[in-house]
Amino acid sequence: MGPLESAKKVAAYKAVDEFVKNDSVIGIGSGSTIIYAVHRLVERVKEENLNVVCIPTSFQARQLILNNHLILGDLETYPKLDCAIDGADEVDSDMNLIKGGGGCLLQEKIVASCANQFIIIADYTKNSQQLGEQYKKGIPIEVVPMAYTAIQKRIEDNYGGLVQVRMALAKAGPVITDNGNFILDWHFPSGLSNWNKINTEISMMPGVVETGLFIKMAKKVFFGMPDGSVKEQ
Ligand code: ABF
C-alpha cells in the first residue's frame with residue numbers, strides 16, 4: 001500500500017475507533033477513504049458485537065453497506081444520527097470543506113446535517129490553509145438541469161472564475177447525480193474568503209439544489225500523514 005492509501009487508512013481507522021459506539025446510528029460517506037472506515041467498522045462489529053445502523057450518503061455508500069453485511073437504515077426511520085463519517089476534497093484552517101468531487105454532495109450534506117457529530121477523514125493532500133490551495137477541481141454545485149446555464153452565468157458574473165458543467169467520462173453528456181440533477185464545478189478566483197456569505201448567496205439562487213461548501217459543519221478532521229501519524233483538527 002502506498003503512502004496515500006496508508007494515510008487514508010490510518011485516518012479512517014482512528015475516526016471509527018474514536019467515534020463509533022455501540023447502539024448507534026452512523027452516516028456512511030462516499031469516496032475512497034470511507035471504504036477503509038467501513039472495513040474497520042466491519043472488524044469492530046465482528047470483534048465487539050457492535051450494534052450499528054448505517055445510513056448511506058450515495059448509491060456507492062449503500063452498496064458498501066450492503067456488500068459488507070452491515071445494517072442498512074434510512075433517514076425516514078432514523079432521522080437523527082449519532083455520527084456521520086465522510087471524506088472531503090479539501091479542508092481549510094477554518095474547518096470549511098469542499099466536498100462533492102465524487103458528485104454525492106447533496107445526500108452527504110443532508111446526512112451530515114442530521115448527525116450529532118460530523119467527522120471528516122482525509123489524507124494529507126486535503127489539508128490546506130485556504131480553499132483552492134490544494135484542490136484544483138473547483139467547488140461542485142448541484143443544480144436542477146433546466147437552470148444550469150442561468151446559474152453558471154450568475155456565479156461567473158457575481159464572483160468571477162469559470163463555471164463548467166461536469167461531463168461524463170466520454171463527454172457524451174453531463175454527469176447526472178443520484179438525485180437526477182447536474183453538477184457545476186466552479187473554478188473560483190483566488191482571494192475569496194467569505195465562504196459563509198458566498199455559500200448562502202449561491203444556495204439562494206433558484207435552481208441551486210446544494211453546494212459542495214460545508215461551512216463549519218465538521219466537528220473534527222482526521223488527516224492521515226505521510227509518516228503514518230494522524231493529525232487532528
Ligand atoms: C466524498 O468523496 C466527497 O464529498 C469527496 O468528494 C470525496 C472524497 O473522496 P476520497 O475519500 O476518495 O478522497 O466524500
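I began with the ligand and found that one of its oxygen atoms lies 2.6 Å from a polar side-chain atom of Thr33; I note at once that this is a predicted model.

I then looked up Ser32, where an N or O atom of the side chain is 2.4 Å from an oxygen atom of the ligand. For Gly100 I found that the partner is a polar backbone atom, 2.9 Å from a ligand oxygen. I next computed how much of the ligand is covered: on its own it has 360 Å² of accessible area, and the protein covers 90% of that.

I asked which residues come nearest to the ligand. Among the 14 residues around it, I wrote down Ser32, Thr33, Asp89, Glu108 and Lys126. Sorting the shell by character, I recorded eight polar residues, five charged ones and one nonpolar residue. I also checked where the ligand sits, and the site is the second largest pocket.

I turned afterwards to charge pairs, since side chains of opposite charge can pair when their charged atoms come close. My search of the whole structure returned 12 salt bridges. One of them joins Lys8 to Glu5, with the closest N and O atoms 3.1 Å apart. Both belong to helix 1, residues 3-19, and because they are three residues apart there, about one helical turn separates Lys8 from Glu5.

Note on methods. Residues are numbered from 1 along each chain as its sequence is written. This is a predicted model: local features need pLDDT of at least 70, side-chain atom pairs count only at pLDDT 80 or more; totals for chains, interfaces and linings use all residues. Side-chain values use heavy atoms; hydrogens and water are left out. A residue is near a molecule or strand if one of its heavy atoms lies within 4 Å of it. A polar contact is a pair of N or O atoms within 3.5 Å; within protein, one must be able to donate a hydrogen and the other to accept it, and residues adjacent in sequence count only if both atoms are side-chain atoms. Accessible areas come from the Shrake-Rupley method with a 1.4 Å probe; for residues, only the protein chains shown count as cover. On a 1 Å grid over the protein atoms alone, a cavity is a set of points where a 1.4 Å probe fits but cannot get out, and a pocket is an open set with protein on both sides within 12 Å along at least five of seven lines; lining residues have an atom within 4 Å of a point. A molecule sits in a cavity or pocket if more than half of its atoms lie within 2 Å of its grid points. Ala, Val, Leu, Ile, Met, Phe, Trp, Tyr, Cys and Pro count as nonpolar, Asp, Glu, Lys and Arg as charged, and the others, Gly among them, as polar. A salt bridge is a side-chain nitrogen of Lys or Arg within 4 Å of a carboxyl oxygen of Asp or Glu. Helices (H or I, at least four residues) and strands (E, at least two) are DSSP runs, numbered from the N terminus.
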